[in-house]
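Thanks for coming. I have a few slides' worth of notes on one model, and I will go through them in order. Please have the sequence and the structure open.

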Amino acid sequence: VPYLAAGKRHVEVDYVPHFGQEAGVLGFFAFIQDVTDRRRADAESQRLRDQLAHVSRVASMGELTATVAHELNQPLSAILSNAQAALRELSREDPRLDGVRSALTDIVADDKRAGEVIRRIKSFLRQTDEKRETADINTIIEEVINLIHSEAQLRKVKIKARYSERLPHVCVDRVQIQQIILNLLMNALDAVAKAGRQKLVDVETELCGRSAVMVSVHDNGPGISSDQVSRIFEPFYSTKAAGGLGMGLAISRAIAEAHGGELTVVESDRPGATLRLKLPIASEGR
Amino acid sequence: MDEPTIYVVDDDESVRSALKRLLSSHGTSVETFSSGMDLLQSGPLKSPACIVMDVRMPTATGLEVQEELARRGIKTPVIFLTGHATVPTSVRAMKAGAVDFLSKPVDENDLMSAVYGALNRDRGAEAERAKARELQDRYADLSGRERQVLHLVALGKLNKQIAHELNITEKTVKAHRGKVMAKMKASSVAQLVRMADKLATAEAER
């Protein structure tokens, strides 16, 4: 409803029919409510949540800097050595063009590899308005595992993924769900650092009833004590010695709930900790 | 002189093949390995040789491989390549005998000067080792009495004192001394003393 002075406003109108004595409807009572402010508040809190999520993504990416540097350095190293080998070859009396060609071919491949690393980071860090789309949860997880695979390797942690095949799709904002998964995996990597022997992180997807899919992230670290369980989802609560932001799980849970899902700690006899993300299946199914 | 061999150890396949291409173009023979384990299991390393190794590798880090080489008494010089060298890592590596610590991506000139330095060092060490072996052989040739005389001479004792200590005549001491000099191929007493020192050091190192 455009107003003369205040610009556009949103109203909600309930119509209640007015029945006459006999039969038929004489007219309607209309209850008009101005919901502009409520709409604004909703949009505002959505925007704040997006921003917070973005900040936390940047922070978690910051923890991965060393890994990213390594992943870019490897192809750059190979490119430099190949280029210098090719230059040497060309400066010979009778250069073997075959050798030059294969060096150049490798350079092209390594350049693409470095580009792929950057593309992955950019797509994760991009600040966009929430965009829901139907997606396969396994693919979303796989992308996150690719992102931290080298970090896990460095820390000598084995990440094992067991995907249920043919899961129904979910309707989610990809980046936000990846953020939850990244957060859970990074926490797991930190947790198993204290596990001396084999450091294991398991990721599992499965169908949960008819309406949801479940992602479980298990680590064989020291586990979560019962007094921590109630606190870990609170903002600014961190158990990390290095002093995490303490926002990871709080934001992750907010994202899960905004998607109509939930993020919980699973109580079990298994040593270590298990966190579970539940997301509703997209309405059109798979 | 044998053709030098360079052992490249990096878990990244493209880095390995690029380094191999570059190093081979400088006329060295290059062998590549995807892990320190593979290198250690490849049999005895050649000489002169050097190892060009990434610090950061999944199964065993470069530093761990370096320690294992040292444990096995393999003295082939190691050049480390690293994406981001932290001070503690480089200090630890250099203390453990790394020749060089280069950051990735590494420039051809830096790499080659490190490689040539390492190869020279390995050649020197090899020559040193050959000399030590030769000395050991000569020493093995001495009789028990001659060894006793050698030790006492090395301690700076006079013939008279040696004769007294071993309860033999000075003339016999002189005869032993002459034989020791000949067998050890020493041209002066000073040189003989230096040889005795080297033998003692080699003994202590073992």
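When I say contact, I mean heavy atoms within 4.5 Å. One caution before the details: this is a predicted model.

Let me start with the interface. On that definition of contact, chain B contributes 25 residues and chain A contributes 24 residues. The two chains bury about 2,000 Å² between them, and 46% of that area is on carbon and sulfur atoms. On the chain B side, Arg21(B), Arg56(B) and Pro105(B) together supply 32% of the area that chain B buries against chain A, more than any other three residues.

Now the polar part of the interface. There are four salt bridges between chain B and chain A. One of them pairs Glu64(B) with Lys156(A), with the closest N and O atoms 3.3 Å apart. Counting polar contacts, I get 14 residue pairs between the two chains, with both residues at pLDDT 80 or more. Which element of chain B gives the most to the side that touches chain A? That is helix H1, residues 13-24, with seven residues. By class, the side of chain B facing chain A breaks down into 10 charged, eight polar and seven nonpolar residues.

Next, chain B as a whole. Its secondary structure amounts to nine helices and five strands. Reading along the sequence, the pattern is β-α-β-α-β-α-β-α-β-α-α-α-α-α. Chain B has 206 residues, and 42% of them count as buried. If you take contacts within chain B between residues at least 6 apart in sequence, 60% of those join residues at least 24 apart.

One residue in chain B that I would like you to look at is Asn159(B), in helix H7, residues 159-166. Is Asn159(B) buried or exposed? Its relative accessibility is 15%, and because the cut-off for buried is under 20%, Asn159(B) counts as buried. Its side chain makes a polar contact with the side chain of Arg177(B), at 2.6 Å. Setting aside neighbours within four places in sequence, Asn159(B) is in contact with Arg177(B), Lys174(B), Val173(B) and Glu170(B).

Now over to chain A, and three of its strands. Strand S7, residues 212-219, and strand S9, residues 273-280, run antiparallel and are joined by eight bridges. Within S9(A), Leu277(A) stands opposite Val215(A). S9(A) also pairs with strand S8, residues 262-266, again antiparallel, through five bridges. Two of the pairings there are Val266(A) with Thr274(A) and Thr264(A) with Arg276(A).

S8(A) and S9(A) form a hairpin, with six residues between the two strands. In the turn, Gly272(A) has a positive phi of about 105°.

Last item, the side chains of S8(A). In a regular strand the side chains alternate between the two faces of the sheet. S8(A) shows that alternation: Leu263(A) and Val265(A) point to one face and are buried. Glu262(A), Thr264(A) and Val266(A) point to the other face and are not buried.

That is what I have on this model.

Key
Residues are numbered from 1 along each chain as its sequence is written. Chains are lettered from A and ligands numbered from 1 in the order in which they are written. This is a predicted model: local features need pLDDT of at least 70, side-chain atom pairs count only at pLDDT 80 or more; totals for chains, interfaces and linings use all residues. Side-chain values use heavy atoms; hydrogens and water are left out. Buried area is the accessible area (1.4 Å probe) that two parts lose on being put together, summed over both. A salt bridge is a side-chain nitrogen of Lys or Arg within 4 Å of a carboxyl oxygen of Asp or Glu. A polar contact is a pair of N or O atoms within 3.5 Å; within protein, one must be able to donate a hydrogen and the other to accept it, and residues adjacent in sequence count only if both atoms are side-chain atoms. Helices (H or I, at least four residues) and strands (E, at least two) are DSSP runs, numbered from the N terminus. Ala, Val, Leu, Ile, Met, Phe, Trp, Tyr, Cys and Pro count as nonpolar, Asp, Glu, Lys and Arg as charged, and the others, Gly among them, as polar. Two strands pair if DSSP finds at least two bridges between them. Buried means under 20% relative accessible area, exposed over 50%, partly exposed in between (1.4 Å probe, protein chains only).
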